[in-house]
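Q: Could you take me on a close look at one part of this model, the way its helices pack, and then set that part in its surroundings? I would enjoy one connected account.

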Amino acid sequence: MIEVEALGKVFRVHRKEPGLRGSLKALFRREWTEKPAVRGVSFRVGEGEIVGLIGANGAGKTTLVKMLAGIIHPTSGSAKVLGFTPWERDNRLRRQISLIMGQKAQLWWDLPAADCFLLLKEIYRIPEPAYRETLDYLSGVLDVRKELNVQIRRLSLGERMKMELIAALLHRPRVVFLDEPTIGLDLTAQRAIRDFILEYRRVHRPAMILTSHYMEDIQRLCERIVIIREGEFVYDGPLAAVVQRYAQSKVIRAHLRRTPEPVQVDGDLRALGEVVACSAEELCLRVPRADVARASARILERYPVLDLAIEEMDIGTIIERIFRERGEVGGAGGA
Amino acid sequence: MRPRLFLHLLAFEFRAQLAFRATFWINALAGFIAEFGVTWFVWAAVFRESGKSVIGGYTLDGMVVYFLAVVLLGKIVSGREFEGAVSGDIYEGTLNRYLVFPAPYTAFKYAQRIGFLGTAFVQFALFGLASMLILVLPPGNVTLASVGMAAVATAAASVLYFLFDNIIQYVAFWADNVWSLDVAKRLVTTLLGGYMIPLSVFPGPVRRVLEVLPFRYFFEFPARVLLGEVPPAGWAKGLALMALWGAVAWACGRLLWRRGLLRYTGVGI
């Protein structure tokens, strides 16, 4: 559904020296510099797939999404979305795609969501029965039926984001670009939106590209991730594989019955892994995957354990580790 | 764009205007009183101080009626409060939303602009008539036919103004902020369009040049058609010139739009 070949984007940026002198100088002569935002990336996204784009601020995630949504033109390369070149903005394509921007309100601030949805019904030429059915379904799943007639500006951030999602999905798009859909939301709202996206994917099977700074979004929604750094793909593959490759250890966290003194970690256990935390009521060890069972058994055997958890390394830490490793070897190559 | 979508957009924007009842009425009333009131006092002073009873072919009453028509129709034509909407979309990145919609942006904005003119239409219908009655102004040669012709001329002027305005708005693709250009445009169009002073006070050679430039068709032409000062042949000729200038403005705007989109960076997301 999405095919991208050697896509690149270079922005021309005005550089101004700081201070009044720089401002005056810029009035007469401007200095420009070229800033590559996306450097020749290639990938494909199929039906029903949610691909998570991960990268630091300025890595090129949003630029890539903007090109695929047809908002900006690339400097080089090609892309096809549902067989169309997105920046040619063919209406046949625009009726089948959607862009959700968590940082930018799309709906009309002063009117109720119901009025905005009616306008979108006209824009996308949605037949009345399909419109009723979809609106009923989406507002029900997101639990915002009671808020449909409230002005957008009077809604909470979470409610507003839910309305944005409804607006973006009313026409049942086959390709959805989600740019930070949960940014700024509280945990409950984040969870509701994630559940909704998964449910929508199950029912309609669209291709989705998701950018997010919340690793929880990525972990819950994406089986495949693309890690982007300074416009280049550092990794493109299953999330599980990156965890396997870069998280070669797990964390064993044991909650202990409180003792007067901090527990002593014996030499055998130290030989199995690294002690992360040790107190009168907690023992935390990072151990290689292969030694998890052995280390757990030993902890259960020797300490007064109330509860024991085996945790995967946090995905954020893994990504940091990848960036660090790639940085050390002098930049990224495609994975 | 489908007429159904156009009308829907128009009604949608009008509803958005009605969301602020106080602002709507304050804009309608204060905007009219400020502009028309100042014009009236200034011209009354000019006539009194000059000691003349006719200036540029107008008596004081005739001048006041002319400006009443120009101010009211001019608001419909220029949609001043909506000016800057397109450059604002480019500058703030709200254009992104429209680029994803399967609808032409220009038609989208024009429909919104007409919907936005709710206050201008109220001013025209309500305050225009009220002023004529309260100030006991002579209706001039206004007839049913001149009203009909003026409606067509005003609609054409509105499209023409929008197309010319877009040329300046699209400069935002390169310059980010086009506020100064907007001010310059307003100065030129109001001065050479008969909004500040009637074109009849300009010397003959200047008037002849202004006849073929587009500016007078924004303001003076619809107003004079309404007041019955333009015969049907002059009206048809004026509409033909407007169509010609409209084609030029459309072509320039189209070129800038296409070139501008190549540079557009969609800031803000």
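A: Happy to: here is a walk that starts with a helix pair in chain B, moves to a contact between the chains, and ends with single residues. Please keep in mind that this is a predicted model.

Let us begin with the chain that holds the pair. Chain B has 13 helices and zero strands, so its order of elements from the N terminus on reads α-α-α-α-α-α-α-α-α-α-α-α-α, and the helix rule behind that count is a DSSP run of at least four residues. Along the principal axes, the C-alpha atoms of chain B occupy a box of roughly 60 × 45 × 35 Å. Its radius of gyration is 19 Å, which agrees with the value near 18 Å that a compact globule of 269 residues would have. Of those 269 residues, 34% count as buried.

Now for the pair itself. Two packed helices are described by the angle between their axes and the distance between the axes. In chain B, helix H8 covers residues 144-170 and helix H13 covers residues 232-263. Their axes come within 8 Å and cross at roughly 25°. That angle makes H8(B) roughly parallel to H13(B), because angles under 35 degrees are counted that way. The crossing in which H8(B) passes H13(B) is left-handed. As for what the two helices bring to each other, their contact has 18 nonpolar residues, five polar ones and no charged residues.

A second helix pair links the two chains. Helix H4 of chain A, residues 113-123, meets helix H1 of chain B, residues 3-18, with axes that come within 10 Å and cross at roughly 165°. Here the angle makes H4(A) roughly antiparallel to H1(B), because the cut-off for that term is over 145 degrees. H4(A) also passes H1(B) in a left-handed crossing.

Following H4(A) back brings us to chain A. Its secondary structure comes to twelve helices and 13 strands. The C-alpha trace of chain A spans about 70 × 55 × 45 Å along its principal axes, and buried residues make up 38% of its 335 residues. The domain assignment divides chain A into domain 1 (2-243) and domain 2 (249-311). Between the C-alpha centres of these two domains there are 43 Å.

A few single residues fill in the picture, and I will take the loops to start with. In chain B, B:Ile55 sits in the loop between helix H2 (21-50) and helix H3 (60-78). B:Ile55 has 18 other C-beta atoms within 10 Å, so it is partly exposed. From B:Ile55 to B:Gly118 is 34 Å in space, C-alpha to C-alpha, with their positions 63 residues apart in sequence.

In chain A, A:Arg205 belongs to the loop between helix H7 (187-204) and strand S7 (207-211). With 14 C-beta neighbours inside 10 Å, A:Arg205 counts as partly exposed. A:Arg205 and A:Glu49 are 156 residues apart along the chain, yet their C-alpha atoms are separated by 7.6 Å. A similar kind of pairing involves A:Ser76, in strand S4 (residues 76-81) of chain A: A:Ser76 and A:Gly40 are 36 residues apart along the chain, with their C-alpha atoms separated by 7.5 Å. A:Ser76 is exposed, because 12 other C-beta atoms lie within 10 Å.

Finally, two backbone angles deserve a look. Most residues other than glycine have a negative phi. A:Ala6, in strand S1 (residues 2-15) of chain A, has a phi near 50°, a positive value in a residue other than glycine. A:Ala6 has 13 C-beta neighbours inside 10 Å, so it counts as partly exposed. A:Asp143 likewise has a positive phi, near 60°, and is found in the loop between helix H5 (128-141) and helix H6 (157-169) of chain A. With 12 C-beta neighbours inside 10 Å, A:Asp143 counts as exposed.

To return to where we started, the part to keep in view is the H8(B) and H13(B) pair, roughly parallel and left-handed in its crossing.

Definitions and conventions: Residues numbered from 1 in each chain as written. Chains lettered and ligands numbered in written order. Predicted model: local features only at pLDDT ≥ 70, side-chain atom pairs only at ≥ 80, totals over all residues. Domains from an automatic or database assignment. Axes fitted to C-alpha atoms, helices over the stretch in contact; angles between N-to-C directions. Helix = DSSP H or I, 4+ residues; strand = E, 2+ residues; numbered from the N terminus. Parallel < 35°, antiparallel > 145°, perpendicular 65-115°, else oblique. Left-handed = near helix turned anticlockwise from the far one by under 90°. Nonpolar A, V, L, I, M, F, W, Y, C, P; charged D, E, K, R; others polar. Rg over C-alpha atoms; globule rule 2.2 N^0.38 Å. Buried ≥ 20, exposed ≤ 12 C-beta atoms within 10 Å, placed from the backbone.
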